[in-house]
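Subject: The structure we talked about

Hi there,

Here is the structure I promised to pass on, with some notes on what turned up in it. Have a look at it first, and then read on below.

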Amino acid sequence: MGAKSIMHASRLSHSFDYTLFEDIDINIHERESIAVLGVSGSGKSTLLHILATLLRPQSGEVIFDKGYLYEQGDKKLLEIRRDDIGIIFQSHYLFKGFTVRENLEISSIISGNEIDLNLIKKLKIEDTLEQNVAELSGGQQQRVSTARVMLKKPKLIFADEPTGNLDHQTANDVMDVMLEYTQSQNAGLFIVTHDENIAARCDKIYRLQNKRLMLVG
Ligand SMILES: Nc1ncnc2c1ncn2[C@@H]1O[C@H](COP(=O)(O)OP(=O)(O)O)[C@@H](O)[C@H]1O
Ligand SMILES: [Mg+2]
């Protein structure tokens, strides 16, 4: 305990055609990993988008770095998204037609951080560096996305089904990399997954069910 809070969200509610969730509170601390489990359609991705600066909740608030996230101007919100938030999406927004190395270099140039070959090796993508990302398997693309996000050194990493396309061993390797990152960078990790084994590796496990977020582990 005693770890600093990075993000605090309170009383979040959101609906599309029907109410997805109501009155959700969540806190993310430095060096803390949080997993959210839930069936498909329960609103996991929507919750992740709200916390990750991408979607204004219909009610409730998100506090990041002492400020109300959705009361910041567009410019400030973009800055937070660029500098402090790393998002690993279910579908990979890599630059198709470019190699893995080029995709990583873009992130390196934007962030001013060097490509960490150790990280590339741990993610087992060192042999793919000169390949066009479009030629890679879904699992390889997922790991390139993970490397690219980490290169930026965000304060919070949000990952939507980060191990969805991976075999058991590789999924655990990716979790190792993300969990080590939270410790070495004093960062927070928020993942949504339907894999109970992956969730079990996080400090806290919630389940999104019946429109509520319940702590289950
Ligand atoms: N932008 C949107 N517009 C309308 N409905 C949406 C939108 N995003 C998600 N939904 C709906 O909200 C529900 C929950 O979606 P989602 O948050 O993606 O759930 P999960 O990630 O748990 O599968 C789904 O029924 C989905 O169709
Ligand atoms: Mg989803």
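Ligand 1 has around it Phe16, Leu20, Gly38, Ser40, Gly41, Ser42, Gly43, Lys44, Ser45 and Thr46. Please keep in mind that this is a predicted model. Sorted by class, the shell around ligand 1 holds 7 polar residues, 2 nonpolar ones and 1 charged one. Helix α1, residues 44-51, gives the largest share of that shell, with 3 residues.

Helix α1 deserves a second look. Of its 8 residues, 6 are buried, so α1 is largely enclosed by the rest of the structure. The buried ones are Lys44, Ser45, Leu47, Leu48, Ile50 and Leu51. Lys44 and Ser45 therefore appear twice in these notes, as buried residues of α1 and as residues around ligand 1.

Next, the sheet. How many strands form it, and in what order? There are 6, arranged as β6-β7-β8-β3-β9-β10, in an open sheet with mixed pairing. β6 (85-88) and β10 (212-215) are at the edges with a single partner strand each, so one side of each has no neighbour in the sheet. From one strand to the next, the twist averages 20°.

Starting from the β6 edge, β6 and strand β7 (residues 156-160) run parallel and are joined by 4 bridges. In this pair, Gly86 is found opposite Ile157 of β7.

Two helices pack on this sheet. One of them is α1, which touches β3 (33-37), β7, β8 (188-192) and β9 (204-209). The direction of α1 makes about 155° with that of β8. The other is helix α6 (residues 168-185), which touches β3, β7 and β8. Its angle to the direction of β8 is about 150°.

Strand β3 is touched by both α1 and α6. Is β3 mostly covered or mostly open? It is mostly covered, since 5 of its 5 residues are buried. Ser33, Ala35 and Leu37 are buried on one side, and Ile34 and Val36 are buried on the other, which leaves both faces of β3 covered. With β8, β3 pairs in the parallel sense over 4 bridges, and there Ala35 has Ile191 as its bridge partner. With β9, β3 also runs parallel, again joined by 4 bridges. In that pairing Leu37 stands opposite Arg207.

Now back to α6, which has a helix beside it as well. The axes of helix α5 (residues 138-151) and α6 come within 12 Å and cross at roughly 5°. The two helices are therefore roughly parallel to each other. On the α5 side the residues that meet α6 are Gly139, Arg143, Thr146 and Met150. On the α6 side they are Thr170, Val174, Val177 and Tyr181. By class, this contact is made up of 4 nonpolar, 3 polar and 1 charged residues. The spacing along each helix has a simple background: an α-helix has 3.6 residues a turn, so residues three or four places apart point the same way.

Finally, here are a few single residues you may like to find for yourself.

- Thr53 comes just after α1, in the loop between α1 and β4. Its phi is positive, about 80°, although Thr53 is not a glycine. Thr53 is buried, with 22 other C-beta atoms within 10 Å.
- Arg11 also has a positive phi, near 50°, and is a residue other than glycine. Arg11 belongs to strand β1 (residues 5-15). Is Arg11 buried or exposed? It is exposed, with 12 other C-beta atoms within 10 Å.
- Ile63 is in strand β4 (residues 59-64). Ile63 is partly exposed, with 16 other C-beta atoms within 10 Å. Leaving aside neighbours within four places in sequence, Ile63 is in contact with Met7, His8, Tyr68 and Leu69. From Ile63 to Asp83 there are 20 residues in sequence and 16 Å in space, C-alpha to C-alpha.

Enjoy exploring it, and do write back with any questions.

Best wishes

Terms used
Residues numbered from 1 in each chain as written. Chains lettered and ligands numbered in written order. Predicted model: local features only at pLDDT ≥ 70, side-chain atom pairs only at ≥ 80, totals over all residues. Near = placed C-beta within 6 Å. Nonpolar A, V, L, I, M, F, W, Y, C, P; charged D, E, K, R; others polar. Pairing = 2+ DSSP bridges. Axes fitted to C-alpha atoms, helices over the stretch in contact; angles between N-to-C directions. Contact = placed C-beta atoms within 7 Å. Parallel < 35°, antiparallel > 145°, perpendicular 65-115°, else oblique. Buried ≥ 20, exposed ≤ 12 C-beta atoms within 10 Å, placed from the backbone.
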